[in-house]
Amino acid sequence: MKKVTILILFALLMTSLSSCKVRKNEIINNNEYISDNQFLLDTIVTIKIYDDTDKAIFEDLFAYIKELENILSVHIEGSDLWNLQENAGKQWTEVSLDTIKIIEKSIEISEMSQGFFDITSGPLIKLWAIDPPKGYYPTNIEIQEALALIDYKKIEIDKARNRIFLKDMGMEGNLGAIAKGYISDKVKEYLLEKGINRAIINLGGNVLVIGNKQDGSDFKIGIQDPDGERGKYLGAVNVSDKSVVSSGTYERYFVHEGKAYHHIFNPFTGFPQENRLKGVSIISDHSTEGDAFSTAVFLMGIDKGMKLVESMDGIDVIFITKDNKLYISSGISNIFELELESGYSIANP
């Protein structure tokens with residue numbers, strides 16, 4: 001599943017997403033940076049570096065992201081996820097350490113979210129085939145057949161031999177709700193190993209901030225208004241060393257018989273989740289968790305989702321409701337700024 005766009009709100013700090021060439025160093029508000037972008041992970045990936053470094057680093061960064069994509073994407077023939085699907089119900093599949101780690105984390109989050117987050121929802125995602133503006137409205141029989149193949153408890157991991165087994169034929173793992181977060185964290189590790197302590201990694205809206213600006217101030221990350229044009233924000237969070245990831249109903253959907261169907265599927269019903277929400281933003285220490293929990297708590301809803309978030313360290317949430325209310329977890333009440341003219345208001349949890 002793809003995540004929604006988050007606008008990075010610095011005054012005059014935007015770079016062209018259409019260019020794939022490194023821009024010259026720029027001084028914006030006394031903060032010097034270099035930036036580059038490429039089309040990877042089915043989106044525009046933009047990286048900004050605020051430390052002194054050779055711009056040749058971008059070539060290595062994008063090659064590393066492509067390497068991870070080739071391992072973790074179920075849509076790339078020969079990837080670990082592709083091979084797991086081909087071998088489901090038949091035999092064990094030898095995989096990379098990255099695949100072991102991300103699937104272990106996925107199972108952990110499935111347990112924490114009472115099964116609302118489930119990477120074996122691949123058959124359901126494939127069935128609905130949402131590729132805006134197109135999609136497929138399945139029959140009840142087709143939905144029941146897909147649901148029968150969804151069960152994260154049927155993933156077996158053999159760490160000693162670096163292999164994984166999906167127990168039933170037809171099962172399919174899909175890491176669309178966690179892979180960008182995992183890759184963001186790996187890129188952060190790479191940059192820190194190179195001595196780079198100030199950067200912004202933006203994987204098509206999955207934003208991970210390393211450090212803060214050279215002047216010591218936080219970066220300001222805007223939260224997209226689900227009902228507004230791209231770039232219209234309802235508020236912002238001031239963060240350093242944090243990830244900001246959002247999920248919502250408003251960017252990936254198709255219309256069938258006058259009704260919109262979005263891409264966040266309930267693994268228990270087989271349909272796009274219907275509740276009070278139109279968007280969720282997760283602010284977290286690690287983007288892997290931020291990516292996954294943005295989907296999980298959307299599916300869980302405000303009450304269950306807020307309870308889960310408040311029970312964890314290093315994770316906070318902004319729920320955006322259909323009646324333009326914001327429900328904000330306690331850990332970010334002092335760093336979130338509401339845009340007063342946005343038409344939204346902050347409600348009590």
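## A bent helix in the middle of things

Of the 24 residues in helix H7, 20 are buried, so the helix is largely enclosed by the rest of the structure. This is a predicted model, and H7 is a good place to start looking around it. The helix covers residues 287-310, and its end C-alpha atoms are only 18 Å apart, whereas a straight helix of 24 residues would span 34 Å. Look at Gly301 and you will find the centre of a kink of about 135° in H7.

Before going further, a word on confidence. The average pLDDT of the protein is 91, and 91% of the residues score at least 70. Residues 1-30 call for some care: pLDDT stays under 50 there, and the model gives this stretch 106 contacts beyond four places in sequence.

Now to the interior. In soluble globular proteins, nonpolar side chains tend to be buried together. Here the largest nonpolar core holds 69 residues, and Ile49, Ile65 and Leu191 have the most contacts inside it. H7 is the top contributor to this core, with eleven residues. Which residues does Leu191 touch, leaving aside its neighbours within four places in sequence? They are Ile49, Ile57, Leu61, Ile196, Ala199, Ile201 and Ile210. A second core, separate from the largest one, has 20 residues, including Tyr50, Phe219, Ile223 and Val239.

Next, a sheet. Three strands form an open sheet in the order E4-E6-E5, with antiparallel pairing. Strand E4 (93-94) and strand E5 (155-158) are the edge strands; each has a single partner, so one side of each is left without a neighbour in the sheet. E5 and strand E6 (residues 163-166) run antiparallel and are joined by four bridges. Within this pairing, Ile157 has Ile164 of E6 as its bridge partner.

Finally, some backbone details in the loops. Pro132 and Pro133 are joined by a cis peptide bond, with omega about 5°. Pro133 lies in the loop between helix H4 (122-128) and helix H5 (140-147). The loop between H4 and H5 also holds Ala129, one of two residues in the table below, which have positive phi without being glycine.

| Residue | Phi | Loop | Relative accessible area |
|---|---|---|---|
| Asp42 | about 60° | between strand E2 (31-40) and strand E3 (43-49) | 45%, partly exposed |
| Ala129 | near 50° | between H4 and H5 | 40%, partly exposed |

Conventions:
Residues numbered from 1 in each chain as written. Predicted model: local features only at pLDDT ≥ 70, side-chain atom pairs only at ≥ 80, totals over all residues. Heavy atoms only, no water. Helix = DSSP H or I, 4+ residues; strand = E, 2+ residues; numbered from the N terminus. Expected span 1.5 Å × (residues − 1). Bend = angle between axes of the 7 residues up to and from the residue. Buried < 20%, exposed > 50% of the residue type's maximum accessible area, 1.4 Å probe, protein only. pLDDT = per-residue confidence, 0-100. Contact = heavy atoms within 4.5 Å. Core = buried A, V, L, I, M, F, W, Y, C linked by side-chain atoms within 4.5 Å. Pairing = 2+ DSSP bridges.
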